[in-house]
Amino acid sequence: EPLFRSVLLTHGDSVTAVPDEFRIIAKSDDIIAAIDDEKRSLYAVQFHPEVDLTTNGRKMLENFLFAVAGCRGSYTAENRQAACIREIRSAVVSESTRVLSLVSGGVDSAVCTALLHKA
């Protein structure tokens, strides 16, 4: 079964040409969906591999993370949270130091504020 069988393309953007060193490895009709330059280990996708509408998206991400990028799979949200809290504590030198956090309503500022509170 081909890995790039059915993908969810992004917001109407499209790639119309690729540099000579790259090859097209996936298309949706006439739209370029993925390219690579294996000699330099460069890969690019113009779709969302993380969504359920992309068949084999999880496998694509696993291939990239473990076979290409060399990740080990030991990452957990708890590890990342603990590392962030340690970093915040080292930057905020004393108990009397105050940190102002503004929350925009987005995920990034909300997570940052929650981590600051825990630290």
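Over how many bridges do strand β2 and β3 pair? Let's find out by selecting residues 31-37, which make up β2. β2 and β3 pair over four bridges, in the antiparallel sense.

Before going on, a word on the model: it is predicted, local features need pLDDT of at least 70, side-chain atom pairs count only at pLDDT 80 or more, and totals for chains, interfaces and linings use all residues. Residues are numbered from 1 along each chain as its sequence is written, and side-chain values use heavy atoms, with hydrogens and water left out.

**The sheet**

Click on Ala34 next: its bridge partner in β3 is Val45. Now show the whole open sheet, three strands in the order β1-β2-β3 with antiparallel pairing. (Strands are DSSP runs of E, at least two residues, and helices are runs of H or I, at least four, numbered from the N terminus; two strands pair if DSSP finds at least two bridges between them.) At the edges lie β1 (23-28) and β3 (42-45), each pairing on one side only.

**Helix α2**

Move on to residues 77-91, helix α2. Its 15 residues should span 21 Å at 1.5 Å a residue (1.5 Å times one less than the number of residues), and the end C-alpha atoms are indeed 21 Å apart.

Select Cys84, Ile85 and Ile88 in α2: these are buried (under 20% relative accessible area; exposed is over 50%, partly exposed in between, with a 1.4 Å probe and protein chains only). Then colour Arg86, Glu87 and Ser90, the exposed residues on the face of α2 turned away from its buried side.

Finally, add residues 107-118: this is α3, against which the buried residues of α2 pack.

Methods. Contact = heavy atoms within 4.5 Å.
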